[in-house]
Amino acid sequence: MSLTAPVSRFVVLSSALLLAACADTPTSVEPPGSVALSRGGVAADRLGELFERASPAVMAIGGTVFADNDERIGKMVFGVENANAIPGIQRALAAVGASSGDYVVEVTEPIRHMADPTLRDRFRPTQAGIQIHFGLYVCTMGFNVDHSGGRSFITNSHCTNTQGGTEGTIYYQPVSSVDNISIATEADDPIYKKGDGCPRGKKCRWSDASRALYQIATASNRGDILKTTGANNGSLTVGGLFAVTSQDNSTTSFKIGTVLNKVGRTTGWSQGPVSRTCVNTNVSGSQVHQFCQTFVDANVAGGDSGSPVFAITSGDNVQLVGILWGGGTGYYVMSPLASIQKELGSLAATR
């Protein structure tokens, strides 16, 4: 019997994970005594010379967004993040010889880099591999399914408020501070039981898996797993999609050396060989015992719990084989899809 250290749920830290942007509608603020825009501006050559002095002086001030010599209106236009910057700009402009009629100051949204999305961003429709939030923790969405109980997603049992037992955990994506409308509610999380081969003092199941039922308004794509920029490079940047074209509903003992993959919100796309198969596994610091689990030698970290595990069949087409729930240094542990369906019922996860 082999022991594993669990891949813990991540505690949501408001200073690090819960980032929200709030942009006000841009408004124009004219300096005291300025003339209306409809009156026209100063001569173009004078304004051009003035702008060459004014732009570097203004843009050195904190909270400035842009400087523009706007020939259409014959004025200089300066953008600021908030009105608190305006007095400093007025002083700087006066120092370079600008009059109140030479410029306009606008409160406008800050300009940010428009980076590619990551697994921790908001996705609608939802897709496998993205971050989900419940209680004080974050995990990874395993995969979307059709189930007799309704349109759902699968994640870990320990990615609920209480591992084992259905108590109606509420899920958000990516976190409630970014989008406070729930995407799904825990619908099925079988209890852990004693007896039937379960070691003394332990409580046992065949999979660390639970099912969450989607809210009607939440769109989801069955058969999509987000693909990051490369295997084992730690990137969380989304660069494409894996398509689940088949699912392994029968294998519980995988051939040693079989290359499997996972996509998780912490370490992205990891790839490596099966190193142990059908391993009865204790979870450190708990009474939990999982029957017949699979070990894969690949990167993992806290928050990857719930990651979909799959084999690449051709190109970006993959076969879904299980769900990641734990691990240690240099390896992760997954529950086979066959064991998940043994406890949660038949699941349709393909496109």
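Are Phe153 and Tyr171 buried or exposed? Phe153 is buried, and Tyr171 is buried too. Please keep in mind that this is a predicted model. My points follow.

1. Start with the largest nonpolar core. This core has 36 residues. Phe143, Phe153, Ile154, Ile225 and Ile340 have the most contacts inside it. Several elements give two or more residues to this core, among them strand 8 (131-134), strand 10 (143-145), strand 11 (152-155) and helix 3 (337-344). Strands 15, 16, 17 and 22 do so as well.

2. Apart from that core lies another one. This other core has 17 residues, including Met76, Phe78, Val80 and Val107.

3. Now look at Ile154. Leaving out residues up to four places away in sequence, Ile154 touches Met141, Gly142, Phe143 and Val145, among others. The list of residues it touches also includes Ala209, Ser210 and Arg211. Ile323, Ile340, Leu344 and Leu347 are on that list too.

4. Next, a hairpin. Strand 8 pairs with strand 9 (residues 137-140) in the antiparallel sense, over four bridges. Phe134 has Tyr137, in strand 9, as its bridge partner. Two residues lie between the strands of this hairpin. Gly135 takes a positive phi there, near 50°.

5. On to the rings. The structure holds eight aromatic pairs. One of them joins Phe153 and Tyr171. Their ring centres are 5.3 Å apart and their planes stand at 75°; planes over 60 degrees apart count as edge-to-face, so this pair is edge-to-face. Phe153 is in strand 11 and Tyr171 is in strand 12 (residues 170-171). The pair links distant parts of the chain, 18 residues apart.

6. Phe295 and Tyr331 make a stacked pair. The distance is 5.4 Å centre to centre, with 25° between the planes. Phe295 lies in strand 20 (residues 288-296) and Tyr331 in strand 23 (residues 331-336), so the pair ties together parts that are 36 residues apart in sequence. What is the relative accessible area of Phe295? The value is 5%, and Phe295 is buried. Tyr331 has 18% relative accessibility. Buried means under 20%, so Tyr331 counts as buried.

7. Some rings gather in a group. Phe134, Tyr137, Phe153, Tyr171 and Tyr214 form one aromatic cluster. Two of these residues, Phe134 and Tyr137, are the bridge partners from the hairpin.

8. Last, a charge and a ring. Which ring does the charged end of Lys342 sit over? The ring is that of Trp206. The charged end of Lys342 is 3.6 Å from the centre of that ring.

Notes: Residues are numbered from 1 along each chain as its sequence is written. This is a predicted model: local features need pLDDT of at least 70, side-chain atom pairs count only at pLDDT 80 or more; totals for chains, interfaces and linings use all residues. Side-chain values use heavy atoms; hydrogens and water are left out. A nonpolar core is a set of buried Ala, Val, Leu, Ile, Met, Phe, Trp, Tyr and Cys residues joined through side-chain atoms within 4.5 Å. Buried means under 20% relative accessible area, exposed over 50%, partly exposed in between (1.4 Å probe, protein chains only). Contact means heavy atoms within 4.5 Å. Two strands pair if DSSP finds at least two bridges between them. Rings of Phe, Tyr and Trp (its six-membered ring) pair if their centres lie within 6.5 Å; planes under 30 degrees apart count as stacked, over 60 as edge-to-face and the rest as tilted. A charge sits over a ring if NZ of Lys or CZ of Arg is within 6 Å of the ring centre and within 35 degrees of the ring normal.
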